[in-house]
Structures are given as C-alpha cells and as structure tokens.
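Subject: Structure handover

Hello,

Here is the structure for you to look at. My notes follow below it.

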Amino acid sequence: MSVKRFPEFRLGKVLATSFTATLTERCGEPVERVPVPERLVDWLAVNGLKVDSCSDSQLEHARQLREAIHEAATAVATQIPPPAAAIQVINDCSTGGQASAILSPQGEHEWHLGSASVGDALSVIAADAVDIISGAREGRMALCASPTCRAAFFDTSRGATRRWCEMNTCGNREKKARYLANKR
C-alpha cells in the first residue's frame, strides 16, 4: 500500500499570505500544496483553524478565496487598485462565517470557529486579508523577487526592504544561483 506524499506547507506569520502560499511557483511550474480536501483540513489545523471535514466544493471555494487574495495583494503591491471581483470574493468570505477572536489561557490570540466549518475558517482568512490589503496593519504588501515565484507577501521588516517571500526557499535559491553565476 503506497502512502501519498504531498509537498510540505510553507507557513508564515501572516495567515492570509500563508494561505496564498498553498500554491507556489506561480510563474514557473506551480506546486499545489492542498490538492485534496484532506490537505486543506491539515493546513487549517496547522494554522489554528480546526474544522471537522472538507468537501470538494469547499476546497474549490477555498481556492477561489486564495486566488482572490493573491490577485488583490498583487495589485496593492504593484500600486494598482485591487480587482472588484477579488474584493467581492474576499468580502463575501469575510462576512460569511462565524468566528470570534479569543484569548488563550496563555494570553495569546486564537480563533474560535462557530461551527468548525470550512466556511468559518475561510472567514478568518478573509478577515486577515482585509487587514493586510487595506493597510490596517503596519507593514506593506510586496512581491517575491524570485522570477518563478512572484508570491505576494506582507513585509514587516524594519526598513520594508524584504525581497523574498521566504528566505529559506526563494531567497536561498536566488542567492545560490547568483553565487554560481559569479563563480563561472
């Protein structure tokens, strides 16, 4: 019996952009990190949004939200207005769920989902997207400098000079390529 292997998740500190990172290498050979509903359930759990189950239609809805966030974040990063269709998807998801911010016993921020449904989890992700795309949170939207990636990420670095979505993947790959090119 073979065990299906899936690409590892790319996890960041910003929920909405971590969600868009479930599809990577958008300008090269795309890597889908949530190819089946069970992987979406896993990703949500890793990010503190435990849901009971996920159907194929819920996975498709999640992918629509993911792409809407990516489109809107990319637009903001390139200083153009976000597409109206992307805004509509984000807003519909944000208002469509029942979730509450709570404090854990350790005093940390957590989410309580009203019904442990994918819709409730997506509303949390969409609300996070509203915060970062609208500028409500301190930082800026930027695009990864890797020509095969171009992922939108939320830059909170001191001088707002971050170049890569993740230093451990895109940053290292680009630095290695530059080093090898200089060595020749």
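Let me start in the middle of the fold. Setting aside neighbours within four places in sequence, Leu59 is in contact with Val34, Pro35, Val36, Pro37, Leu40 and Cys54. Please keep in mind that this is a predicted model.

Leu59 sits in helix H3. Is Leu59 buried or exposed? Its relative accessible area is 5%, under the 20% cut-off, so Leu59 counts as buried. Glu38 is 21 residues away from Leu59 along the chain, and 9.1 Å separates their C-alpha atoms.

**The whole chain**

How many helices and strands does the protein chain have? There are six helices and six strands. Their order along the sequence is α-β-β-α-α-α-β-β-α-β-β-α. The radius of gyration is 17 Å, and the globule rule gives 16 Å for 184 residues, so the chain is as compact as a globular protein of that length. The C-alpha trace spans about 60 × 50 × 40 Å along its principal axes.

Some totals for the protein chain:

- Of its 184 residues, 37% count as buried.
- Take the contacts between residues at least 6 apart in sequence: 53% of them join residues at least 24 apart.
- The chain exposes about 10,600 Å², with 52% of that supplied by carbon and sulfur atoms.
- There are 22 positive and 21 negative charges, and the mean positions of the two sets are 12 Å apart.

**Helix H2 and its surroundings**

Helix H2 covers residues 37–46. Its buried residues are Pro37, Arg39, Leu40, Val41, Trp43 and Leu44. What do the buried residues of H2 pack against? They pack against H1, helix H3 (56–77) and helix H5 (118–134). Two of these H2 residues, Pro37 and Leu40, are among the contacts of Leu59. Just after H2 comes Gly48, with a positive phi of about 80°.

On the H1 side, look at Ser18. Helix H1 runs over residues 15–20 and includes Ser18. Ser18 has a relative accessible area of 3%, which puts it under the 20% cut-off, so it is buried. Beyond its neighbours within four places in sequence, Ser18 is in contact with Arg10, Leu11, Gly12, Lys13 and Trp43. Trp43 is one of the buried residues of H2.

On the H5 side, look at Val118. This residue belongs to helix H5. Val118 is buried, with a relative accessible area of 1%. Not counting residues up to four places away in sequence, Val118 touches Leu40, Val51, Ser53, Cys54 and Gln58. Leu40 and Cys54 are also listed as contacts of Leu59. His70 is 48 residues from Val118 along the chain, and their C-alpha atoms are separated by 19 Å.

**The S3–S4 hairpin**

Strand S3 (residues 99–103) pairs with strand S4 (residues 109–113). The pairing is antiparallel, over five bridges. Ala99 has Leu113 in S4 as its bridge partner. The two strands form a hairpin with five residues between them. Gly107 is in the turn and has a positive phi of about 80°.

**The S5–S6 pair**

Strand S5 covers residues 140–143. S5 and S6 pair in the antiparallel sense, over four bridges. Which residue of S6 is the bridge partner of Met141? It is Phe154.

In a regular strand, side chains alternate between the two faces of the sheet. Strand S6 (residues 152–155) can be read that way: Ala152 and Phe154 point one way, Phe153 and Asp155 the other. All four are buried, on both sides.

**Two loop residues to check**

Most residues other than glycine have a negative phi. Two residues here have a positive one:

- Ala116, with phi near 55°. Ala116 lies in the loop between S4 and H5.
- Arg150, with phi near 60°. Arg150 lies in the loop between S5 and S6.

How accessible is Arg150? Its relative accessibility is 34%, so Arg150 counts as partly exposed. The range for that class lies between 20% and 50%.

Best wishes

How values were computed. Residues numbered from 1 in each chain as written. Predicted model: local features only at pLDDT ≥ 70, side-chain atom pairs only at ≥ 80, totals over all residues. Heavy atoms only, no water. Rg over C-alpha atoms; globule rule 2.2 N^0.38 Å. Buried < 20%, exposed > 50% of the residue type's maximum accessible area, 1.4 Å probe, protein only. Contact = heavy atoms within 4.5 Å. Areas by Shrake-Rupley, 256 points an atom, 1.4 Å probe, with all protein chains shown as cover. Lys, Arg positive; Asp, Glu negative; His and termini not counted. Charge placed at Lys NZ, Arg CZ, Asp CG, Glu CD. Pairing = 2+ DSSP bridges.
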